[in-house]
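User: Please take a close look at the salt bridges in this one and walk me through the places where they sit. Some context on the chain around them would be welcome too.

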Amino acid sequence: RHRDLCLPYEKFLLRGRETIKIVFFVPHWHYNVDVDSSVDLIKRIGALEKVVFAVRAHTRGDDLTDDVKEALGRYRNIDLDVQAPSSSLIAWADIVINFGSSIGLEAIVDHKFVINPLFLHNNHTVFDDSGAVYDARTAEEVTSLIDKMRGRNLPPLDLEDREALITSEVY
């Protein structure tokens with residue numbers, strides 16, 4: 001597997017079993033993305049208890065601005081300077097927040113909880129209403145999904161929907 005070639009992500013190793021590990025994959029900001037709402041969501045997640053949070057810049061250039069990184073720097077549970085490969089982050093995470101990027105397909109294949117924050121953009125993606133990911137239409141829905149996952153109250157997604165998306169987009 002390609003992950004065998006990647007070093008593991010080790011920023012938050014000593015946090016305990018009850019801590020939820022989340023990775024947010026930063027999109028291309030210029031693809032109809034609401035940057036302010038994205039930053040607000042990162043702040044909301046960073047403020048949750050027993051959450052550690054890796055924010056991964058887009059592999060082809062887009063990242064948070066220096067001003068935003070400075071504003072988010074007070075959150076000790078957020079890693080804003082992630083250098084680990086996406087595959088390592090997916091392996092590490094309990095929850096993957098992704099929209100519009102094919103990296104979400106890897107998270108689905110790895111049976112991760114994938115949250116698709118529909119409200120952060122006005123594009124239509126293959127993930128939307130696919131049944132293969134948890135669609136969230138508000139920041140409150142995202143935090144509710146995180147709380148449900150923590151309490152093991154998140155209903156499982158249909159395996160057939162996940163397989164159908166992978167088959168249509170990969171094979």
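Analyst: First, the ground rule: a salt bridge here is a side-chain nitrogen of Lys or Arg within 4 Å of a carboxyl oxygen of Asp or Glu. Keep in mind that this is a predicted model, where local features need pLDDT of at least 70 and side-chain atom pairs count only at pLDDT 80 or more, while totals for chains, interfaces and linings use all residues. Residues are numbered from 1 along each chain as its sequence is written, and side-chain values use heavy atoms, with hydrogens and water left out.

So how many salt bridges does the structure hold? There are four. Before going through some of them, here's the scaffold. The protein chain has six helices and six strands; these are DSSP runs numbered from the N terminus, with at least four residues for a helix (H or I) and at least two for a strand (E). Reading from the N terminus, the order is β-α-β-α-β-α-β-α-β-β-α-α. Of the 171 residues in the protein chain, 50% are buried, where buried means under 20% relative accessible area, exposed over 50%, and partly exposed in between (1.4 Å probe, protein chains only). As for contacts (heavy atoms within 4.5 Å), take those in the protein chain with a separation of 6 or more: 67% of them come from residues 24 or more positions apart.

Now to arginine 44, a good place to start. Its side chain meets that of aspartate 40 in a salt bridge at 2.9 Å, N to O. Both residues belong to helix H1 and lie four residues apart, about one turn of the helix. Arginine 44 counts as partly exposed because its relative accessibility is 33%, and aspartate 40 is partly exposed too, at 35%.

Arginine 44 has another partner: its side chain also forms a salt bridge with glutamate 140, again given as 2.9 Å, N to O. This pair links distant parts of the chain, with arginine 44 in helix H1 and glutamate 140 in helix H5 (residues 139–150), 96 residues apart. Glutamate 140 has a relative accessible area of 44%, so it falls in the partly exposed class.

Then there's aspartate 129, which pairs with arginine 137 in a salt bridge whose closest N and O atoms are 2.9 Å apart. Aspartate 129 is exposed because its relative accessible area is 57%, whereas arginine 137 at 46% counts as partly exposed. Going back to the earlier pairs, salt bridges with shared partners join Asp40, Arg44 and Glu140 into one network.

Aspartate 129 is worth a second look for its backbone. It has a positive phi of about 55° although it isn't a glycine, and it is found in the loop between strand E5 (113–117) and strand E6 (134–136). Lysine 50 is another non-glycine residue with positive phi, near 55°; that one is in the loop between helix H1 (35–46) and strand E2 (51–56). At 48% relative accessibility, lysine 50 is partly exposed.

Back in the loop between E5 and E6, phenylalanine 127 is there as well. Is phenylalanine 127 buried or exposed? It counts as buried, because its relative accessibility is 3%. Leaving aside residues up to four places away in sequence, phenylalanine 127 touches a set of residues including Leu105, Ile108, Val133 and Leu165. Its C-alpha atom is 9.6 Å from that of serine 102, a residue 25 positions away along the chain.

Just ahead of the helix that carries the arginine 44 pairs, aspartate 34 has its place in the loop between strand E1 (20–25) and H1. It is partly exposed, since its relative accessibility is 32%. The C-alpha atoms of aspartate 34 and leucine 120 are separated by 5.2 Å, with their positions 86 residues apart along the chain.

One last stop, at glutamate 163. It lies in helix H6 (residues 159–170) and is partly exposed because its relative accessible area is 44%.
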